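Reader: I'd like a close look at one strand pairing and what surrounds it. Could you start from a single bridge and work outwards from there?

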Amino acid sequence: FALVVDVNTHDILARLEGHSAKVTSAAFRRDQQNIVVTISEDRRFLLFDISAGAVLYQSSIISLSAFSCLDVVQHHDCSWCAIGSSDGRVRVYDIGIPSCPLLHTIDVNSLTGLRQRPWMKPPAAASSSSEADRSPQGVKVIS
């Protein structure tokens with residue numbers, strides 16, 4: 001589950017339930033602030049109306065790879081969400097339509113004209129510091 005919290009009062013505004021694993025990211029629609037999209041380690045996305053306390057849409061399992069990022073884009077009267085996964089694919093869904101159809105799948109790894117792929121990890125180099133030593137303390141998206 002995920003909690004929607006008012007940052008000024010610290011009041012819990014909503015408890016978002018429906019994922020079967022840890023929620024890793026959430027984003028609000030810009031045109032309707034009561035609508036929030038969540039992604040999870042269960043490799044699904046859910047669309048919530050926090051005012052009504054309802055799940056508006058629940059996807060099936062979308063990818064064999066874990067989701068790595070989420071963004072919601074508003075363009076004129078259209079609302080889309082882009083979900084990136086660790087396999088290098090970005091899937092774009094129309095969240096302004098109740099069925100949330102898939103509009104595009106972009107395979108970032110196959111884009112031409114790119115000499116370097118900064119999103120891919122370089123080969124592990126011999127080093128005395130561990131990965132835990134290089135990560136910032138207390139960083140967590142949503143638990």
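**From one bridge outwards**

Author: Let's start with Ser25, whose bridge partner in S4 is Ile39. A quick word on what you're looking at: this is a predicted model, where local features need pLDDT of at least 70 and side-chain atom pairs count only at pLDDT 80 or more, while totals for chains, interfaces and linings use all residues. Residues are numbered from 1 along each chain as its sequence is written, and side-chain values use heavy atoms, leaving out hydrogens and water.

Back to that bridge. Five bridges join S3 to S4 (residues 35-40), and these two strands run antiparallel. Strands here are DSSP runs (E, at least two residues), numbered from the N terminus, and two of them pair if DSSP finds at least two bridges between them. As background, strands of a sheet pair through backbone hydrogen bonds, either parallel or antiparallel.

Zoom out and the pair belongs to an open sheet of four strands, in the order S3-S4-S5-S6, with antiparallel pairing. S3 (23-28) and S6 (54-58) are the edges; each has a single partner strand, so one side of each is left without a neighbour in the sheet. On average, neighbouring strands in this sheet are turned by 25° against each other, direction ignored. The axes behind that angle are lines fitted to C-alpha atoms, and angles run from 0 to 180 degrees between N-to-C directions.

Now follow the chain through the turns around S4. Arg30 makes a salt bridge with Asp71, with 3.5 Å between the closest N and O atoms. That pair ties together distant parts of the chain: Arg30 sits in the loop between S3 and S4, while Asp71 is in S7 (residues 67-75), 41 residues apart. A salt bridge here is a side-chain nitrogen of Lys or Arg within 4 Å of a carboxyl oxygen of Asp or Glu. Asp71 has a relative accessible area of 36%, so it counts as partly exposed; the cut-offs are under 20% for buried, over 50% for exposed and partly exposed in between (1.4 Å probe, protein chains only). On the way out of S4, Arg43 lies in the loop between S4 and S5. Its phi is near 65°, a positive value in a residue other than glycine, and Arg43 is partly exposed at 24% relative accessibility.

Asp71 takes us to another open sheet, with four strands in the order S7-S8-S9-S10 and antiparallel pairing. Its edge strands are S7 and S10 (102-107), each pairing on one side only. Neighbouring strands here are turned by 15° against each other on average, direction ignored. Inside this sheet, S8 (residues 78-85) and S9 (residues 89-94) pair in the antiparallel sense over five bridges, and Gly84 stands opposite Val90 in S9. In the loop between S7 and S8 you'll find His76, with a positive phi of about 55° although it isn't a glycine. His76 is exposed, with a relative accessible area of 69%.

So what connects S4 with S7 and S8? S4, S5 (45-49), S7 and S8 each supply at least two residues of the largest nonpolar core. That core has 14 residues, of which Val37, Phe45, Leu70, Cys81, Ile83 and Ile95 touch the most other members. A nonpolar core means a set of buried Ala, Val, Leu, Ile, Met, Phe, Trp, Tyr and Cys residues joined through side-chain atoms within 4.5 Å. In soluble globular proteins, nonpolar side chains tend to be buried together.

Ile83 brings us full circle. Leaving aside neighbours within four places in sequence, its contacts (heavy atoms within 4.5 Å) include Ile39, Phe45, Phe67, Leu70 and Val90. Yes, that's the same Ile39 that is the bridge partner of Ser25. Arg89 is also in contact with Ile83, and Arg89 forms a salt bridge with Asp87, the closest N and O atoms being 3.2 Å apart. Salt bridges that share partners join Asp87, Arg89 and Arg91 into one network.
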